[in-house]
Amino acid sequence: MRFHRRLLLVGLLAAVPAMAQDATQGELSIGQGWTRAAGANGTGVGYLSIRNTGAVADRLLSASTPAARTVELHTMLREAEVMRMRPVGGIPLPPGETVTLAPGGLHLMLIGLAAPLVVGADVPLTLRFERAGTVTVPLRIQAAGARRPAH
Ligand SMILES: [Cu+2]
């Protein structure tokens, strides 16, 4: 597991840009999907924003993409002054709230990339929710050092 300590600091300082919504599924609006350039056989990241516009809680159960062998849901936890990644079994989506997966916090890990992730292309990511079902959204591939979605 890689440490994301540097990403955490930058993530906390970064201003959150206005969210353009890319997809709607049931009561969920999913937008600002992005990832970073990466090599084949490596590991990529995935970030996006999910707004639950309904009155009932939902939950992101899992994600998948043809671009990677498997996708894990991760969070960051502080352990003895070091931030470490930990897999989580799901991501709660409280009613009326927006949950943002971003550097330094909740994120997706794209494990076993089938091909390099090339800047400017999109990775199709399929999300499976407890209530809303499944939806596929694009993750725009940003430069390797990117800290936030492009405008
Ligand atoms: Cu991770």
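Which residues is Leu 108 in contact with, leaving aside its neighbours within four places in sequence? Keep that one in mind while you get your bearings; we'll come back to it shortly.

**Whole chain**

Start with everything shown as a cartoon. This is a predicted model, so colour it by pLDDT before anything else. The mean over the protein chain is 88, and 85% of the residues reach 70 or more. Now select residues 5-20, where the pLDDT is below 50. That stretch still has 20 contacts in the model beyond near neighbours in sequence. Don't lean on them, though: where pLDDT is low, the predicted coordinates should not be read in detail.

Switch to colouring by secondary structure. You should find one helix and eleven strands, and going from the N terminus the helix comes before the strands, in the order α-β-β-β-β-β-β-β-β-β-β-β. Of the 151 residues, 44% count as buried. Among contacts with a separation of 6 or more, 68% are between residues 24 or more positions apart.

**Leu 108 and the core**

Back to the opening question. Select Leu 108 and show what surrounds it: Gly 44, Val 45, Gly 46, Leu 48, Ala 63, Val 71, Glu 72, Leu 73, Leu 101 and Leu 125 are its contacts once neighbours within four places in sequence are set aside. Leu 108 is also one of the residues that touch the most other members of the largest nonpolar core, together with Ile 30, Leu 48, Leu 127 and Phe 129. That core has 28 residues in total. Another core, of nine residues, lies apart from it; Trp 34, Met 85, Ile 111 and Ala 146 are among its members.

**The copper site**

Next, select the copper ion and show side chains around it. Which protein atoms are the donors? They are ND1 of His 74, SD of Met 85, NE2 of His 107 and SD of Met 109, at 2.1 to 2.4 Å from the ion. Measure the angles in your viewer if you like: among the four donor atoms they come to 96 to 121°, and the site is tetrahedral. Along the chain, the donors are spaced as H-x10-M-x21-H-x1-M.

Turn on the surface and look at two of these donors. Are His 107 and Met 109 buried or exposed? His 107 counts as buried because its relative accessibility is 1%, and Met 109 counts as buried as well, at 7%.

**Trp 34 and its surroundings**

Now centre on Trp 34, which sits in strand β2. Together with Tyr 47 it makes up the one aromatic pair that a search of the whole structure finds. The two rings are tilted, with 4.7 Å centre to centre and 40° between the planes. The pair links distant parts of the chain: β2 covers residues 28-36 and holds Trp 34, while Tyr 47 belongs to β3, residues 43-52, with the two positions 13 residues apart in the numbering. Both partners are buried, Trp 34 at 2% relative accessibility and Tyr 47 at 1%.

Keep Trp 34 selected and expand to its contacts. Leaving aside residues within four places in sequence, they include Val 45, Gly 46, Pro 103, Arg 140, Ala 146 and Arg 147. Then pick out Leu 139: its C-alpha is 4.1 Å from that of Trp 34, although the two are 105 residues apart in sequence.

From Trp 34, step across to Gln 142, another of its contacts. Gln 142 is in strand β11, residues 133-142, and it counts as buried because its relative accessible area is 11%. Not counting residues up to four places away, Gln 142 touches Trp 34, Thr 35, Arg 36, Ala 37, Val 119, Arg 148, Pro 149 and Ala 150.

**Last stop: the β5-β6 loop**

Finish by selecting Ala 80 and Glu 81. Ala 80 is in the loop between β5 (68-79) and β6 (82-87), and Glu 81 lies in that loop too. What are their phi values? Ala 80 has a phi near 50°, and Glu 81 has one of about 75°. Both values are positive, and neither residue is a glycine. As background, most residues other than glycine have a negative phi. With the surface on, you'll find Ala 80 exposed at 72% relative accessibility and Glu 81 exposed at 59%.

Definitions and conventions
Residues numbered from 1 in each chain as written. Predicted model: local features only at pLDDT ≥ 70, side-chain atom pairs only at ≥ 80, totals over all residues. Heavy atoms only, no water. Donors = N, O, S within 2.8 Å, 3.2 Å for Na, K, Ca; no water. Tetrahedral: all angles 85-135°; square planar, octahedral: opposite > 155°, others 65-115°. Buried < 20%, exposed > 50% of the residue type's maximum accessible area, 1.4 Å probe, protein only. Phe/Tyr/Trp six-rings, centres within 6.5 Å; stacked < 30°, edge-to-face > 60°. Helix = DSSP H or I, 4+ residues; strand = E, 2+ residues; numbered from the N terminus. Core = buried A, V, L, I, M, F, W, Y, C linked by side-chain atoms within 4.5 Å. Contact = heavy atoms within 4.5 Å. pLDDT = per-residue confidence, 0-100.
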